[in-house]
Amino acid sequence: MNDLSGPGTPPPGCPAHNGGRPAPDAATRIPLYGPEFAARPQEFYEAMRAYGPAAPVELAPGVEATLVTDYAAALQVLQNPDVFTRDSRRWRALEDGTIPPDSPVLGMMGYRPNVLFTDGAEHLRLRQTIADSLTRIDAYRVGRHVERVSAYLADQFKHKGTVDLLNDYAKPLTFLVFNELFGASAEVGDRLIRGFTGIFDGVDAETANQELAESLLQLVAQKRARPGDDITSWMMEHPAKLTDEEMLHQITIMMGAGIEPERNLIANGLLLILSDERYFGGLHGGGLLVEDAINEVLWNSPPIANYATHFPVQDTDLAGVKLPAFSPVLISFAGANTDPALSASRQMLSKRAHLAWGAGPHACPVKDSASLVATTAIERLLNEIPDVELAVPADQLEWRPGVFHRALSTLPARFTPVQRQAAAAGAAPAGRASVSGQAGSRAERKGWWSSFLTWWRA
């Protein structure tokens, strides 16, 4: 049985061990924060496999955890809620004060009363409400809305010849799509975007969190008074009868867990298509399809790379690795999907066999819609600017540091400018400045969502 203090000697050449310098003590954990891990995560996963199916890691200074990089072991954790709880209130190091209250990982790992951190009957009640509501989403309606949003965003930059495909396209697109799905009014939608943007970007997070909570309560109040054809209203109609507070927490996790991964899925898909000749050929006939690119990203570069925090309810053996009770165990979706044990059969596996959507009782309930949004967004962009290409070599792009995601900082591209029609000038500059943080009095008055609504209704 392996002890998580590590093997007799650390993996040779492990990037966490400074690439060939004398090996540290075997108890040293592999740090997963900082630019080194962000730049070369697969090298880290490869090094971790020397420890067995799971490795000792440090998520942030002083925050110890176990990361599962083996596909079969990952399924064992994900599919056994009786052995592994999701309730982080049982995290021993957090309870005894070892983890500081201002630790940067608590935003993702700290307990909240939502479907992600519950088990058993309460989890089933909340998940059923969400799942039943999501089944009412009409794929045609979603596709049409993504096309409208894509056209609107392309109108803002296609006359320029350059664009940041992440921050000027993928990022606002996901906000605008989710505002529509949840039935946000112009005012509420702008506030939701400001709140989530502040939290995701770490800009005055306390103020952003307050604005997010207030905007969600406003959304819930509006839908209580006047239900619509949207997810918020459908959840309220559900027999589970969620309270306003329960609604707030479920919508927060649904939007938060959708917006950030979705925009990274779109950006990572675009990067693959624009940097790989197999897909470049597809733009001009004969190459692979956008759907194939999305599937490849979900296998090899999933937007949520490491997450699904579990806590063993007792000292547990995971394929020969000792897991102490109530210590965090995370699943490396990126590591498990690239497990060498799968190499001989990966191409024969179902497109749904990857773990990017999770597995077991906490598997993502909206994977089909998420794939539809990403595929449609990329296809529409390539139709709008068919000669788009990367503005810098792919290996020079910067990846955002962070344990949990696989996310670019920017995705600069260039193309032949399209002459702008006078009627398309519209209200977009205000929205664009609002999301990107640029100054301007008009941006302070209107945001992305209200600007889009104005454009669409004109």
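This note goes through a predicted model, from the whole chain down to single strands, a helix and a core.

1. Overall make-up. The chain has 458 residues, and 54% of them count as buried. Its secondary structure comprises 19 helices and 11 strands. The exposed surface of the chain comes to about 19900 Å², with carbon and sulfur atoms supplying 53% of that area.

2. Contacts along the sequence. Taking contacts between residues at least 6 apart in sequence, 69% join residues that are at least 24 apart.

3. The open sheet. Three strands, in the order β5-β11-β10, make up an open sheet with antiparallel pairing. Its edges are β5 (162–164) and β10 (389–390), each of which pairs on one side only. Strand β11 covers residues 412–414 and is joined to β5 by 3 bridges, the two running antiparallel. For a reader who wants to find this pairing in the model, Val 163 has Ala 413 of β11 as its bridge partner.

4. Strand β6 and its surroundings. Is strand β6 buried or exposed? Strand β6 spans residues 306–312, and 7 of its 7 residues are buried, so the rest of the structure largely encloses it. A residue counts as buried here when its relative accessible area is under 20%.

5. Partners of β6. Strand β4 (residues 84–85) pairs with β6 in the antiparallel sense, over 2 bridges. Within that pairing, Phe 311 of β6 is the bridge partner of Thr 85. Strand β9 (residues 329–332) is also antiparallel to β6 and is joined to it by 3 bridges. There, Tyr 307 stands opposite Ile 331 of β9.

6. Helix α2. This helix runs over residues 41–48, and its buried residues include Pro 41, Phe 44, Tyr 45, Ala 47 and Met 48. These residues lie on the same side of α2, because they cover an arc of only 160° around the axis.

7. The largest nonpolar core. Which residues touch the most other members of this core? They are Leu 32, Leu 59, Leu 173 and Leu 411, in a core of 135 residues. Helix α12 (residues 244–275) gives the core its largest share, 15 residues. As background, nonpolar side chains tend to be buried together in soluble globular proteins.

8. Leu 173 in detail. Once neighbours within four places in sequence are left aside, Leu 173 is in contact with Val 146, Val 149, Ser 150 and Leu 153, as well as Ile 266, Val 373 and Ala 377. Leu 173 is thus a convenient residue to display when looking at the core.

Note on methods
Residues are numbered from 1 along each chain as its sequence is written. This is a predicted model: local features need pLDDT of at least 70, side-chain atom pairs count only at pLDDT 80 or more; totals for chains, interfaces and linings use all residues. Side-chain values use heavy atoms; hydrogens and water are left out. Two strands pair if DSSP finds at least two bridges between them. Helices (H or I, at least four residues) and strands (E, at least two) are DSSP runs, numbered from the N terminus. Buried means under 20% relative accessible area, exposed over 50%, partly exposed in between (1.4 Å probe, protein chains only). Contact means heavy atoms within 4.5 Å. Accessible areas come from the Shrake-Rupley method with a 1.4 Å probe; for residues, only the protein chains shown count as cover. The arc is that of the directions from the helix axis to the C-beta atoms. A nonpolar core is a set of buried Ala, Val, Leu, Ile, Met, Phe, Trp, Tyr and Cys residues joined through side-chain atoms within 4.5 Å.
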